[in-house]
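Got your viewer open? Put the chain in cartoon view, keep the selection box handy, and follow along stop by stop.

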Amino acid sequence: MKNSEFDIVHRDKLSPGRNVVDRNRKKDSEWKKFSWEWKWCREVEVSFFEKAMNLTAEEDETLNTYQTTAQQWAGKHATAGFWREEMKIFQRFLPVGKILEVGSGGGRDAKELIAFGYEYTGTDISSNFVEVARRKNPGATFLVQSVYDLEFSEDAQFDGFWASAVLLHIPKTKIGKALQRIRKCVKGGGIGFISLKQGEGERLEADSLKNGRFFSYYTGKEFHEVLLKNGFEVVQMKVHPTSEKTTWLCFFVRVSK
Ligand SMILES: C[S@@+](CC[C@H](N)C(=O)[O-])C[C@H]1O[C@@H](n2cnc3c(N)ncnc32)[C@H](O)[C@@H]1O
């Protein structure tokens, strides 16, 4: 049989003198061309997906950062029980039921919410995070969905939602849109948890590796008003400082009927 230009003919170490054709191997130059083409297709696919989602340039950059760092990020933020006290409060308001997690990241909270007994569905805009979360929680449901495009066959099917450290990536001009979308998925009277970083303004910030993420900071009063405007009643609010730099604002909300 004639060898194709991509085949590598190499010596069979066990039978010196015999040439072996390995049709699964490509020459280095072929691999380079192939991986460049693959990367290009991925980039076109990803940018098409992002444009279809109508993300701002800053949201785009945030998504890019999470896509490229999902595995390491999840490893660094895997502290079990980070929101344990908040989960106990959440459970006092919603003892059992179907819950939706928005921005499920690496699946750290999923594991605990499932252990608390909830019927769980996780969603995240980052497909790489969804992969990490699935590996960490075999058998649990995780879907790649942006908060703006949450879509379930029957709307308003969830009894509650969990949104930890995700709405802080939404520009203030779009927060109403995101909250309305969540509201559509949750039954009237349903319970939710939202955590955000305390502060003022909104900006793109870079970490030590120059990975950019966009943050919206709120005062308690400011976000309380945003919630009321969008049909959520605040049933409890808690301030959770974790470092000199970071104080979390935790809102337990009820979806107005
Ligand atoms: C700071 S991480 C928090 C992850 C997880 N909730 C936790 O507390 O560990 C922010 C998460 O929000 C997701 N995210 C950012 N923008 C989003 C959007 N528009 N829709 C859904 N998820 C989004 C990111 O992909 C990432 O998983």
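## Start inside: Ile 182

Select Ile 182 and show its surroundings: leaving out residues up to four places away in sequence, Ile 182 touches Val 102, Val 147, Leu 150, Phe 161 and Ala 163. Keep in mind throughout that you're looking at a predicted model.

Now widen the selection to the largest nonpolar core, which has 51 residues. Ile 182 is among the members that touch the most others, together with Ile 99, Phe 161, Ala 163 and Leu 167. Colour strand 11, residues 247-255, while you're here: this strand gives the most to the core, with 6 residues.

## Zoom out for a moment

Go back to the whole chain. The cartoon should show 7 helices and 11 strands. Buried residues make up 32% of the 257 residues. If you draw the contacts with a separation of 6 or more, 62% of them join residues 24 or more positions apart.

## Ile 175, in the helix 6 stretch

Next, pick helix 6, residues 175-185, and click on Ile 175. Is Ile 175 buried or exposed? It's buried, because 22 other C-beta atoms lie within 10 Å, and 20 or more is what it takes to count as buried. Not counting residues up to four places away in sequence, Ile 175 touches Leu 167, Ile 170 and Val 226. For a distance label, try Ile 175 to Leu 227: the two are 52 residues apart along the chain, and their C-alpha atoms are separated by 9.6 Å.

## Strands 3, 4 and 5

Select strand 4, residues 119-124. Strand 4 is mostly covered, with 5 of its 6 residues buried.

Add strand 3, residues 98-102. Strands 3 and 4 run parallel and are joined by 5 bridges. To see one pairing, pick Glu 101, whose bridge partner in strand 4 is Gly 122. Add helix 4 to the selection and you have a right-handed β-α-β unit made of strand 3, helix 4 and strand 4.

Now bring in strand 5, residues 141-144, which runs parallel to strand 4, with 4 bridges between them. Here Thr 121 has Thr 141 in strand 5 as its bridge partner. Show helix 5, residues 127-136, as well: strand 4, helix 5 and strand 5 make a right-handed β-α-β unit.

## Helix 4 and its cover

Stay with helix 4, residues 108-115. Which of its residues are buried? They are Arg 108, Asp 109, Ala 110 and Leu 113. Turn on the neighbours to see what covers them, including helix 3, strand 3, strand 4, helix 5 and strand 6. Step just past the end of helix 4 to Gly 117, which takes a positive phi of about 105°.

From there, hop to helix 3 and select Arg 84. Arg 84 counts as exposed because it has 10 C-beta neighbours inside 10 Å, and the limit for exposed is 12 or fewer. Arg 84 and Glu 112 are 28 residues apart along the chain, with 8.3 Å between their C-alpha atoms.

## Around the ligand

Select the ligand and the 19 residues around it. Which come nearest? Gly 103, Gly 105, Ile 125, Ser 126 and Val 147. Colour the shell by class and you'll get 7 nonpolar, 9 polar and 3 charged residues. Helix 2 and helix 4 each supply at least two residues of this shell.

Follow helix 2 (57-76) to Ala 57, which belongs to that helix. Ala 57 has 11 C-beta neighbours inside 10 Å, so this residue counts as exposed. Draw a line from Ala 57 to Phe 214: the pair is 157 residues apart along the chain, and their C-alpha atoms are separated by 9.6 Å.

## Last stop: the strand 8 and 9 hairpin

Finish with strand 8, residues 202-206, and strand 9, residues 212-216. The two run antiparallel, joined by 5 bridges. Look at Glu 205, which stands opposite Arg 213 in strand 9. The two strands form a hairpin with 5 residues between them, and Lys 210 in the turn has a positive phi of about 65°.

How many of the 5 residues in strand 8 are buried? The count is 0, and the strand is hardly covered.

Definitions and conventions: Residues numbered from 1 in each chain as written. Predicted model: local features only at pLDDT ≥ 70, side-chain atom pairs only at ≥ 80, totals over all residues. Core = buried A, V, L, I, M, F, W, Y, C linked by C-beta atoms within 7 Å. Contact = placed C-beta atoms within 7 Å. Near = placed C-beta within 6 Å. Nonpolar A, V, L, I, M, F, W, Y, C, P; charged D, E, K, R; others polar. Pairing = 2+ DSSP bridges. Right-handed = clockwise from strand over helix to strand, strands pointing away.
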